[in-house]
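Hi everyone, thanks for making time for this. I'd like to walk you through one model and the parts of it I enjoyed looking at. Have a look at the picture first, and then we'll go through it together.

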Amino acid sequence: MNAPVPILLAGVHGHGRHHLKALLPLSESGLVRLVGVCDPTPPAADDALEGHSAVPHFADLGEAIDATGASVTILATPIPTHLPLVRTALDHGSHVLLEKPTTATLAEFDQLVAAVDASDLACQIGFQSLGSHALDTVRQLIDDGSVGELRGIGGAGTWIRTSTYYDRAPWAGRRRLHDRDVVDGALTNPFAHAVATALSVAGASANPPAQIELELFHAHPIESDDTSCLRIRTPDGTPITVAVTLCAQESLPPRLTVHGTLGRIDLDYTLDRVTLHRPGRAPVTTTHPRTGLLENLLAHVDGDAPLLVPPRATHAFMHVLEAVRTAPDPVTVPDARQRVSRTPEGTRRVITGIDALVHRSAQSLALFSELDPAWSPDVRAPEPTVEARP
């Protein structure tokens, strides 16, 4: 592509602001140029678009691509819109950077893959953590036996989200909206990176898991889960657990722990930080660079690099999302196990003891119910939750 590459951003509010900020240094360096924004709700008249100044606004994506000649379209739009908007962008000749999760259902995922394959255009899925060079380091440590035989991978995420988080958009915290699947739960959206990164580290991103076990809960008055755990068995039998909550006492960077027979590796994936622990030796911590997914997409189109996160690299993750989508509704955490407070940022809910439970899950590769019978869901999803598909 000839620089600056014309870029169109669809979804200018919400997470779209992060893309505007990320585009600014690339624009200032001459690599890209923001040629327009597309959103049903136009930016306010005084909106400086994070420093990009005035660019044309469009309500229709196809019209926007045709009018601007955008070579790449960034889609930071609600989950149910992903498939139709990707199709529109491809039909109008634009490569795509699509925010995660890939689609709202596994069936839609299959349709998206088919559309991309038929287009001869590139589509990158926005799991930013998969651009981290820290993952290569973790895989190398596993492969060279630094921690012995791989026993499993445990993920822990403790974040704080108030009612404002769920008030930000009509689809937030919903399983369905207007007869469309949304699947906006803790495992499938805010902590989707934990699931996808663990699968990538295990080398199990592209193939359906052999088994998925789920335990879904919520403290906030929402449809979806805000506190959950899952255990995946990869095709080779490796267990992966991910335990998360948005009702934590303390917000910490999420962590994946690779458990081996001779040590462990901690991967703080939001910080690109790897720590190797082995008995009798001091921990060794390294921090690694990250390749931006937009830069990688542009390099791929120029033939200079493989695409880091093509849709097929999210196949296993989409089986997890499908398991969440088809599972029984999350169980409500009893009021007696919550502390509710009013803050300037909205109503905050803290589940008593959840921080410790999340971290115990990651260290023991166990589900909540296996650590504390009080966390046994009233209804468990069947096992395997999703029938394996090629």
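**Pockets, a sheet and two histidines**

Let's start with the second largest pocket, which has a volume of about 330 Å³. Its lining is made up of 17 residues, and those that lie nearest its centre are Ala22, Gln128, Gly292, Leu293 and Leu294. Three elements give two or more residues to that lining: helix H1 (16-28), strand S5 (95-99) and helix H8 (293-301). Which of them gives the most? That is H1, with 5 residues. By class, the lining of this second largest pocket splits into 7 nonpolar, 7 polar and 3 charged residues. Before I go further, please keep in mind that this is a predicted model.

Now for the largest pocket, whose volume is about 1100 Å³. Here 39 residues form the lining, with Gly14, His15, Glu99, Arg168 and Trp171 nearest the centre. That lining holds 18 nonpolar, 14 polar and 7 charged residues.

Then there are the cavities. Why look for them with a probe? Rolling a probe the size of a water molecule over the atoms shows where empty space is left. How many cavities of 30 Å³ or more does a search of the whole structure find? The answer is 2. I'll describe the second largest cavity, which has a volume of about 30 Å³. Around it you'll find Leu130, Ala196, Leu199, Ser200, Ser205, Ala313, Thr314 and Phe317. Helix H7 (residues 192-201) gives the most to this lining, with 3 residues. As for chemistry, the lining of the second largest cavity has 5 nonpolar residues, 3 polar ones and no charged ones.

Let's go back to H1 for a moment, since histidine 19 lies in that helix. Is histidine 19 buried or exposed? Its relative accessibility is 11%, and because buried means under 20%, histidine 19 counts as buried. If we leave aside neighbours within four places in sequence, histidine 19 is in contact with Leu9, Ile74, Ala76, Leu97 and Glu99. Glu99, you may remember, is also one of the residues nearest the centre of the largest pocket.

Here is another histidine to set beside it. Histidine 57 sits in strand S3 (residues 57-58). At 31% relative accessibility, histidine 57 counts as partly exposed. Again leaving aside neighbours within four places in sequence, the contacts of histidine 57 are Val37, Asp39, Thr41, Pro42 and Pro43. The C-alpha atoms of histidine 57 and valine 12 are separated by 9.7 Å, and these two residues are 45 residues apart along the chain.

On to the sheet. A quick reminder: strands of a sheet pair through backbone hydrogen bonds, either parallel or antiparallel. In this model, 9 strands form an open sheet with mixed pairing, in the order S16-S15-S14-S13-S7-S12-S11-S10-S17. At its edges are strand S16 (284-287) and strand S17 (331-332), each of which pairs on one side only.

Where do we find a parallel pair? Strand S7 (residues 150-158) and strand S12 (residues 239-245) run parallel and are joined by 6 bridges. Within that pair, glycine 154 has threonine 241 in S12 as its bridge partner.

S11 gives us antiparallel neighbours. Strand S10 (residues 211-218) is joined to S11 by 7 bridges, and the two run antiparallel. There, leucine 216 has serine 228 in S11 as its bridge partner. Another 7 bridges join S11 to S12, also antiparallel, and cysteine 229 stands opposite alanine 243 in S12. S11 and S12 make a hairpin with 5 residues between them, and glycine 237 in the turn has a positive phi of about 95 degrees. Of the 7 residues of S11, 6 are buried, so the strand is largely enclosed by the rest of the structure.

Last stop: helix H10 (residues 354-364), which lies across S7, strand S11 (227-233), S12 and strand S13 (255-260), at about 160 degrees to S7. Its buried residues are Ile354, Asp355, Leu357, Val358, Ser361 and Ala362. What do they pack against? Their partners are S7, S11, S12, S13, strand S19 (346-351) and helix H11 (368-371). Just after H10, leucine 365 takes a positive phi of about 60 degrees.

Thanks for listening, and I'm happy to go back to any of these views.

How values were computed:
Residues numbered from 1 in each chain as written. Predicted model: local features only at pLDDT ≥ 70, side-chain atom pairs only at ≥ 80, totals over all residues. Heavy atoms only, no water. 1 Å grid on protein atoms, 1.4 Å probe; cavity = no way out; pocket = protein on both sides within 12 Å on 5 of 7 lines; lining within 4 Å. Points joined across faces, edges and corners; volume = space filled by probe spheres on them. Helix = DSSP H or I, 4+ residues; strand = E, 2+ residues; numbered from the N terminus. Nonpolar A, V, L, I, M, F, W, Y, C, P; charged D, E, K, R; others polar. Buried < 20%, exposed > 50% of the residue type's maximum accessible area, 1.4 Å probe, protein only. Contact = heavy atoms within 4.5 Å. Pairing = 2+ DSSP bridges. Axes fitted to C-alpha atoms, helices over the stretch in contact; angles between N-to-C directions.
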